[in-house]
Amino acid sequence: MEEIIVNAGGCLSRIFVGQHREDIARMIPGKGVVIITDDNVYSVYGKEFPGFPVLRIKPGEGSKQLKTVELLAAGLLEHNIDRSGFLLGIGGGVVCDITGFLASVFMRGISFGFVSTSLLSQVDASTGGKNGVNLGEIKNLIGIFRQPEFVVCDTEMLKTLPEDEYFSGLAELIKTGIIGDPSIIESLEKDHQKVRNRDPELLSDLVGRAVKYKASVVTADERESGLRRVLNFGHTFGHAIELHKGIKHGFAVAAGMELSLRWSRELEYIDNDTCERILNLFSLYNLRFDWHMSPDDMRKLISHDKKKSGGDIYFVFVKGTGKPFVKLLPVSELIDFYSRITRK
Ligand SMILES: NC(=O)c1ccc[n+]([C@@H]2O[C@H](COP(=O)([O-])OP(=O)(O)OC[C@H]3O[C@@H](n4cnc5c(N)ncnc54)[C@H](O)[C@@H]3O)[C@@H](O)[C@H]2O)c1
């Protein structure tokens, strides 16, 4: 079991990787706890939950809205939760984002922690203190920065994750390999059979490396005013593709990363070998997706991106594995590149 610390916003957040879920009862208060989860996670693990009231949401992105937060807040009142209460979110990124947001606004803020059950939330969503919900189609528009007291990433739990969710999470793991820790790329190439078999020890090692990288970035720049922007690698085109094609977040980010790599190659920031090596890794894990849409649709969708500053957008390129950098570019430059590449 490995413990990684995020030190941000004056708070320490402890991330435990490889921790067995049986230990959770020792990490939460003895009273005043409510558990938030979704129906899928409850049906697999509900019997093992600590003995506190459970509020369940419907699985999936559709639940990430203010209405759900309102209903859950009413549930907390019914269970007499006051400012000394504690929320434990047990689930993937959707449950963690909602739990963190609810805990941050309920009675102006109560304590919370996560048991992160999907690969995407273990390597990304549950670390870093971003909590929020969507507004209509616009993702995470309403949100807050607040760190959980702890996050437990038990990689045994990934065994029950549906296949497509697992591979969607692998895309975010590859992202960390590209921008932060190239040793992740090497392991994913070398041990690909073990990764496919969801070997919990190997996964603990990989999740640990991803969390360490994200923790270092968030500790340096919690509010995304500089360094943290690199975590959006692949996400500018990715979010647009996700909305247009309705495919899973990680799959769309993989498509967005492919475009960012190709653009980095076109501008000679990376050589052909580096680009091809990573595209081959995407192929190895069936993460090559059709990113074609009309440049006009792409422009409309990118115009909603929260990372925009006026008519410009912070775009993440790479100069090699582990060497991301951010450029503020007019949206028109992104669309020029996208038009060029769709014609090829
Ligand atoms: N806060 C952040 O920094 C951050 C970063 C990245 C993504 N996100 C958010 O995370 C969300 C996506 O997270 P996700 O991919 O985990 O989606 P999710 O929470 O919807 O989980 C995916 C599916 O897997 C099921 N599931 C989860 N764990 C399981 C398990 N162990 N066994 C069986 N089924 C399980 C869930 O019920 C759900 O149906 C998006 O809303 C995205 O915006 C947030």
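## Exercises on strands, core and domains

Isoleucine 15 stands opposite valine 151 in strand S9. The structure shown is a predicted model, in which local features need pLDDT of at least 70 and side-chain atom pairs count only at pLDDT 80 or more, whereas totals for chains, interfaces and linings use all residues. Residues are numbered from 1 along each chain as its sequence is written.

### Exercise 1: Strand S9

Task: find the strands that pair with S9 in the parallel sense, and state whether the residues on its two faces are buried or exposed.

Solution. Begin with the element itself: S9 covers residues 150–153, and strands (E, at least two residues) and helices (H or I, at least four) are DSSP runs numbered from the N terminus. Next, look for partners, where two strands pair if DSSP finds at least two bridges between them. Strand S2 (residues 11–17) runs parallel to S9 and is joined to it by four bridges, while strand S6 (residues 111–116) is also parallel to S9, with three bridges. In the pairing with S6, valine 115 has valine 152 of S9 as its bridge partner. Finally, examine the faces, calling a residue buried if 20 or more other C-beta atoms (placed from the backbone) lie within 10 Å of its own, exposed if 12 or fewer do, and partly exposed in between. Phe150 and Val152 on one side of S9, and Val151 and Cys153 on the other, are all buried, which leaves both faces covered.

### Exercise 2: Strand S5 and leucine 87

Task: follow strand S5 from its partners to its faces, and then list what leucine 87 touches.

Solution. Start with the pairing: strand S3 (residues 33–38) and S5 are parallel over five bridges, and isoleucine 36 has glycine 89 of S5 as its bridge partner. S5 is also joined to S6 by six bridges, and these two strands run parallel as well. Then turn to the faces of S5 (residues 86–91), of which six of six residues are buried. Phe86, Leu88 and Ile90 point one way, whereas Leu87, Gly89 and Gly91 point the other way. As a last step take leucine 87, which stands opposite phenylalanine 112 in S6. Setting aside residues up to four places away in sequence, leucine 87 touches Val34, Ile36, Thr99, Leu102, Ala103, Ile110 and Phe112, a contact being a pair of C-beta atoms within 7 Å.

### Exercise 3: The largest nonpolar core

Task: identify the residues that touch the most other members of the largest nonpolar core, and explain where this core lies with respect to the domains.

Solution. A nonpolar core is a set of buried Ala, Val, Leu, Ile, Met, Phe, Trp, Tyr and Cys residues joined through C-beta atoms within 7 Å. The largest one holds 96 residues, and Leu87 and Ile98 touch the most other members. Helix H10 (residues 249–266) contributes the most to this core, namely nine residues. Because residues come from both domain 1 (2–161) and domain 2 (164–190 + 223–343), the core lies between the two, with domain bounds taken from an automatic or database assignment. Leucine 259 is a residue of H10, and it counts as buried because it has 22 C-beta neighbours inside 10 Å. Beyond its neighbours within four places in sequence, leucine 259 is in contact with Phe237, Trp291 and Ile341.

### Exercise 4: Domains and ligand

Task: describe how domain 1 and domain 2 meet, and then describe the shell around the ligand.

Solution. First, the centres of the two domains, taken over C-alpha atoms, are 28 Å apart. Twelve residues of domain 1 and 15 residues of domain 2 take part in the contact. On the domain 1 side, H4 and S8 are the elements that give two or more residues. That side comprises eight nonpolar, one polar and three charged residues.

Second, 30 residues surround the ligand, and Asn40, Gly92, Gly93, Ser118 and Ala125 come nearest, where being near requires a C-beta atom within 6 Å. By class, nine of the shell residues are nonpolar, 13 polar and eight charged. Both domains supply residues to the shell, so the shell lies between them.

### Exercise 5: Two glutamates with positive phi

Task: compare the surroundings of glutamate 224 and glutamate 268.

Solution. Glutamate 224 has a positive phi of about 60° and sits in the loop between helix H8 (200–220) and helix H9 (235–245). With 19 C-beta neighbours inside 10 Å, glutamate 224 counts as partly exposed. Glutamate 268 has a positive phi near 60° and belongs to the loop between H10 and helix H11 (272–284). With 9 C-beta neighbours inside 10 Å, glutamate 268 counts as exposed.

Methods
Contact = placed C-beta atoms within 7 Å. Nonpolar A, V, L, I, M, F, W, Y, C, P; charged D, E, K, R; others polar.
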